[in-house]
Amino acid sequence: MDESLGTSPAHAPLLHRLRHARRTAFNRMFAAVYFCAILVLLYRHALKLILSTTFASFLISLSFLVSDTFLAFVWFTRQCFLMTIVYREEYLENLQKALLLKKSSLDFPALDVFICTADPYKEPPLRLVSTALSVMAYDYPTEKISVYVSDDGGSQVTLFACMEAAKFAYHWLPFCRKNNIIERSPEAYFAANHSSWFFDTDEIQKMYESMKQRVERVLEKGKVDEEYITEELERKAFSQWVDHGFTRQDHPTVIQVLLESRKNKDATNHLMPNLIYVSREKSRTSSHNFKAGALNVMLRVSATMTNAPIILNLDCDMYSNDPRTPLRALCYLLDPKLMSKLAYVQFPQIFHGINKNDTYSCEYKRPFCSNLLGLDGVLGPNYIGTGCFFNRRAFFGSPSTIVPPEIPELCPDSVVDKSIQSQPVLELAHKVARCNYEYKTKWGYEVGYRYGSLVEDFFTGLQLQCEGWRSIFCNPKRAAFLGDAPISLVDVLNQVQRWSIGSLQVAFSSFSPLTCGIRSLGPHMGLAYTHYCFWSTWFIPLTLYAFLPQLCLLHGLSVFPKLSEPSFILYVFLVLGAYGQDLLEFMIEEGTVQNWWNDQRMWMIRGLSSFGYGSLEFFLKCLGISTYGFGLTNKVIDDEQSKRYGQGMFEFGDSSNMFVPLITAAIVNLVSFLMGLVQVLRGSKMEGLFLQMFLAGFVVLNALPIYEAMVLRNDKGRIPFKTTATSTCLALALYGLVSLPLMDSN
């Protein structure tokens, strides 16, 4: 089914088209059948619970009832993403025609780009440089582009890298424009194996390598020496780090205009974009609200300097992979049918540098692509933190009622007619970047990016949609943005732990999707957001299924139906149905069987580690026992680690408590599977224990990288002996703990 949009007047050119996925009807029918099977399973558990004759059997039945209830809840909310899948297509060739009809002249709206970074030693400055240059080189009027770099670490190294980017842009922008380069990140362009190079490519590459060496030397020293300062303005800028006793947590505001489109021109005499470095004021006595706080400072500073109606938000490592991306966003943002209620256009988060089989499942196909396709058929996708074009107006109240900021200069319709380097503009910009500016204002609660969760992106998108805004998911064939993925297991798990904590913060806030979400958005969208909020509850059923059936198997106690029982078919259908549908969705979105296998393995790993630890930390914080902060994902790549990752080897080198339950489960499952196998070889009847044997074998198959890292590997990525010993002792203690009640049940 096709549905054309963007054609409000009869003569207006078509800007985009929407198409419903053919598999939607199948998904709905399958969901109805599968839901009935779940009800039968839960009824069976409840019946066994009522008929329990021993304390052990009662506990086992209760455990499975609770576990499968959680699984049913997660499955049910997951179906919200599969009921209304849509695909979109943009017609860029019609955009200029639409602009001519709209304004009687070819005029693109101004674009403010926010690029966030916080630590040059975890987020390499050269990635930031490539990201900034890739958006500065957009196929878009350069005088309409303003790039703001938010440095929340207040590092002079980052400022130096931005200065080097401004100098290199003088040559890079004309080079891209003249040769129609598609990969406008210099790092990506020079790393690619191009079949043909242009006559000036070698010269540009020498400039880039020279810049790269200067930035890396400054990063190594940790400061900018006199030999790298070429102008008095640069010396004055870096003197702030000396004069004010800069520290990461305590420093004044730094706003440095590196390029101004009114004044600066490139090597071919074309105007250049604005490039502004911003490091907000920090004080140990003030709350900074993590990334959301930094983005709100960017909203205010940009409002005082350029106040573009459209905002692009990017992480520092998420460079633009398509120079026409802003035009795709405009196909929706300028559509008369959508623009009055359209808050943002979200592009998928796609990563490069992932190994062939995606060992750690860092593609995140479901949350960053598949699920967004499903939400796009209702009110639109959730905001995922990067690669998102915003309507500035959306940050100031509902579509029908504006929430005015405290000063008129911050209003979304305010016009800036002064130079961005003029004294009044810079003074106001410094004022709104102060750490105590938001005191007794609505910033973070009714205006701007929202506070109250470590996943500020998810929380902001939820509240915007609750206010009446909608969103669009734009998923072009060529990836609009490409970013870096972690290549260490501990980094992956720490990242997911942070997401788990943030999601639970949203779940138990006044904007909980179960209450406010369902009331404001309807059951479909409310339950979809609920799925994300409670995804960390996966740890409950995964932990139970990783231990309880296997410990019962060690004692010869059957907890699943026999092969000859009718309910055995029920279990087979539920397992194969869930995994089969998941595989089908994965393959439709251009996945492979091996990637899917690694993806389901990582769900087990997350469930036994970061989901559980994240939930525990959240509830300890609620009790006032623990504190948490916003931890950056390390994006610096070690050569040896990178080599092991390329070979598909798991990286366990860091000693982490999150590895302990993983390894404990691997040991328990291996021992139970081997003991069951011995019983089979001895001729014992194992009909009642077949499903437990199968489950233990399935976990063992998934845990092969863990056994390899425990016993066979000698590199730095192996599991530390201390972690293995701790897990072994814990497995023995667990066996001893459950032995007495299970033996009594026999």
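Colleague: How many helices and strands are there in the chain?

Modeller: The chain has 25 helices and 14 strands. Keep in mind that this is a predicted model.

Colleague: What does the radius of gyration say about the chain?

Modeller: Set it against the value for a compact globule. For 746 residues that value is near 27 Å, and the chain has 28 Å, so the two agree. The principal axes add detail. Along them, the C-alpha trace spans about 85 × 60 × 60 Å.

Colleague: What percentage of the residues in the chain is buried?

Modeller: Buried means under 20% relative accessible area. By that cut-off, 59% of the 746 residues are buried. The chain exposes about 31,400 Å². Carbon and sulfur atoms supply 59% of that area.

Colleague: And the contacts? What share comes from residues 24 or more positions apart?

Modeller: Take the contacts with a separation of 6 or more. Residues 24 or more positions apart account for 80% of them.

Colleague: Now helix packing. At what angle do helix 2 and helix 17 pack?

Modeller: Read the angle, the axis distance and the handedness together. Helix 2, residues 55–78, packs on helix 17, residues 539–554, at about 150°. Their axes are 9 Å apart. The crossing is left-handed.

Colleague: Which residues of helix 2 and helix 17 meet?

Modeller: Helix 2 brings Ile60, Ser63, Phe64, Ser67, Asp68, Phe70 and Leu71. Helix 17 answers with Ile540, Pro541, Leu544, Tyr545, Leu548, Pro549 and Cys552. Sorted by class, this contact has 11 nonpolar, 2 polar and 1 charged residues.

Colleague: How many residues of helix 13 are buried?

Modeller: Go residue by residue. Helix 13 covers residues 456–466, and 11 of its 11 residues are buried. Among them are Glu456 and Asp457, along with Phe458, Phe459 and Leu462. Gly468 follows the helix with a positive phi, near 115°.

Colleague: What sign of phi should I expect in residues other than glycine?

Modeller: Most such residues have a negative phi. Two asparagines here depart from that. Asn180 has a positive phi, near 55°. Asn289 also has a positive phi, about 60°.

Colleague: Where are Asn180 and Asn289?

Modeller: Both sit in loops. Asn180 is between helix 5 (156–179) and helix 6 (186–191). Asn289 is between strand 7 (274–279) and helix 9 (290–305).

Colleague: Is Asn180 buried or exposed? And what does Asn289 count as?

Modeller: The exposed class starts over 50%. Asn180 has a relative accessible area of 52%, so it is exposed. Asn289 is at 24%, so it counts as partly exposed.

Colleague: Take another loop residue, Asn382. Buried or exposed?

Modeller: Asn382 lies between helix 11 (365–375) and strand 12 (388–391). Its relative accessibility is 5%, so Asn382 counts as buried.

Colleague: What is Asn382 in contact with?

Modeller: Skip the neighbours within four places in sequence. That leaves Tyr344, Gln346, Leu372, Leu375, Phe458, Tyr529 and Tyr532. One of these, Phe458, is a buried residue of helix 13.

Colleague: Where does Ser414 lie, and what is it in contact with?

Modeller: Ser414 lies in the loop between strand 12 and helix 12 (423–432). Its relative accessible area is 21%, so Ser414 is partly exposed. Beyond four places in sequence, its contacts are Asn307, Pro408 and Glu409.

Colleague: Which strand holds Val86, and which residues does it touch?

Modeller: Val86 is in strand 3, residues 86–90. With a relative accessible area of 1%, Val86 is buried. Leaving out residues up to four places away, Val86 touches Leu18, Arg19, His20, Ala21, Leu373, Asp376 and Gly377.

Colleague: How far is Val86 from Asn321 in sequence and in space?

Modeller: Quote both separations. Val86 and Asn321 are 235 residues apart in sequence and 24 Å apart in space, C-alpha to C-alpha. Ser414 and Ala665 are 251 residues apart along the chain, and their C-alpha atoms are separated by 59 Å.

Colleague: One last pair. What separates Lys97 and Pro566?

Modeller: Their C-alpha atoms are 65 Å apart, with their positions 469 residues apart along the chain. Lys97 is in helix 3, residues 95–103. At 47% relative accessibility, Lys97 counts as partly exposed.

Definitions and conventions: Residues numbered from 1 in each chain as written. Predicted model: local features only at pLDDT ≥ 70, side-chain atom pairs only at ≥ 80, totals over all residues. Heavy atoms only, no water. Axes fitted to C-alpha atoms, helices over the stretch in contact; angles between N-to-C directions. Helix = DSSP H or I, 4+ residues; strand = E, 2+ residues; numbered from the N terminus. Left-handed = near helix turned anticlockwise from the far one by under 90°. Contact = heavy atoms within 4.5 Å. Nonpolar A, V, L, I, M, F, W, Y, C, P; charged D, E, K, R; others polar. Rg over C-alpha atoms; globule rule 2.2 N^0.38 Å. Buried < 20%, exposed > 50% of the residue type's maximum accessible area, 1.4 Å probe, protein only. Areas by Shrake-Rupley, 256 points an atom, 1.4 Å probe, with all protein chains shown as cover.
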